Amino acid sequence: QVQLVESGGGLVQAGGSLRLSCAASGRVYSTNAMGWFRQASGKERERVAAITWSGIVTYYADAVKGRFTISRENAEKTVYLQMSSLKPEDTAVYYCAAVIGDSWTRPDYWGQGTQVIVSS
């Protein structure tokens with residue numbers, strides 16, 4: 001099993017920045033990649049970014065390209081999502097996820113989520 005714990009969410013004004021962290025524990029070595037999803041109220045969960053533990057960024061959603069940066073620190077088993085130039089439409093619960101293989105269709109592990117609110 002792998003446990004994922006997110007932190008770093010909060011309230012920020014439009015144009016501001018936040019950095020989310022996802023600390024992984026347990027059988028982290030069994031996972032291939034980590035990612036961030038988000039779910040806004042009344043909307044479906046969407047994938048935001050993904051990165052392999054070897055450091056290859058495999059995905060950014062079009063809506064966040066150029067504003068969000070995903071990174072990882074293997075020694076700390078932590079993945080980060082640096083969010084800049086935040087917009088009200090970025091308001092959502094952000095979830096960390098992990099996959100054992102290459103497919104993000106159904107992630108194997110999920111965190112509990114952290115709320116991000118961007119005020120206009």
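This is a short exchange on burial and salt bridges in a predicted model.

Trainee: What are the ground rules here?
Mentor: Residues are numbered from 1 along each chain as its sequence is written, and side-chain values use heavy atoms, without hydrogens and water. In this predicted model, local features need pLDDT of at least 70, side-chain atom pairs count only at pLDDT 80 or more, and totals for chains, interfaces and linings use all residues.

Trainee: Why is Ser21 called buried?
Mentor: Its relative accessible area is 15%. Buried means under 20%, exposed over 50%, partly exposed in between (1.4 Å probe, protein chains only). So Ser21 counts as buried.

Trainee: What makes Asp62 exposed and Lys65 partly exposed?
Mentor: Asp62 has 64% relative accessibility, so it is exposed. Lys65 has 49%, so it is partly exposed.

Trainee: How do you know that Asp62 and Lys65 form a salt bridge?
Mentor: The term requires a side-chain nitrogen of Lys or Arg within 4 Å of a carboxyl oxygen of Asp or Glu. Asp62 and Lys65 meet at 3.1 Å, N to O, so the pair qualifies.

Trainee: What makes Arg38 and Asp90 a salt bridge?
Mentor: Their closest N and O atoms are 2.9 Å apart. Arg38 lies in strand 4 (residues 33-39) and Asp90 in the loop between strand 8 (78-83) and strand 9 (92-99), so the pair ties together parts 52 residues apart in sequence. Strands (E, at least two residues) are DSSP runs, numbered from the N terminus.

Trainee: Which residue also meets Asp90 in a salt bridge, at 2.7 Å?
Mentor: Arg67 does. Both Asp90 and Arg67 are buried. Salt bridges with shared partners join Arg38, Glu46, Arg67 and Asp90 into one network.

How values were computed: Helix = DSSP H or I, 4+ residues; strand = E, 2+ residues; numbered from the N terminus.
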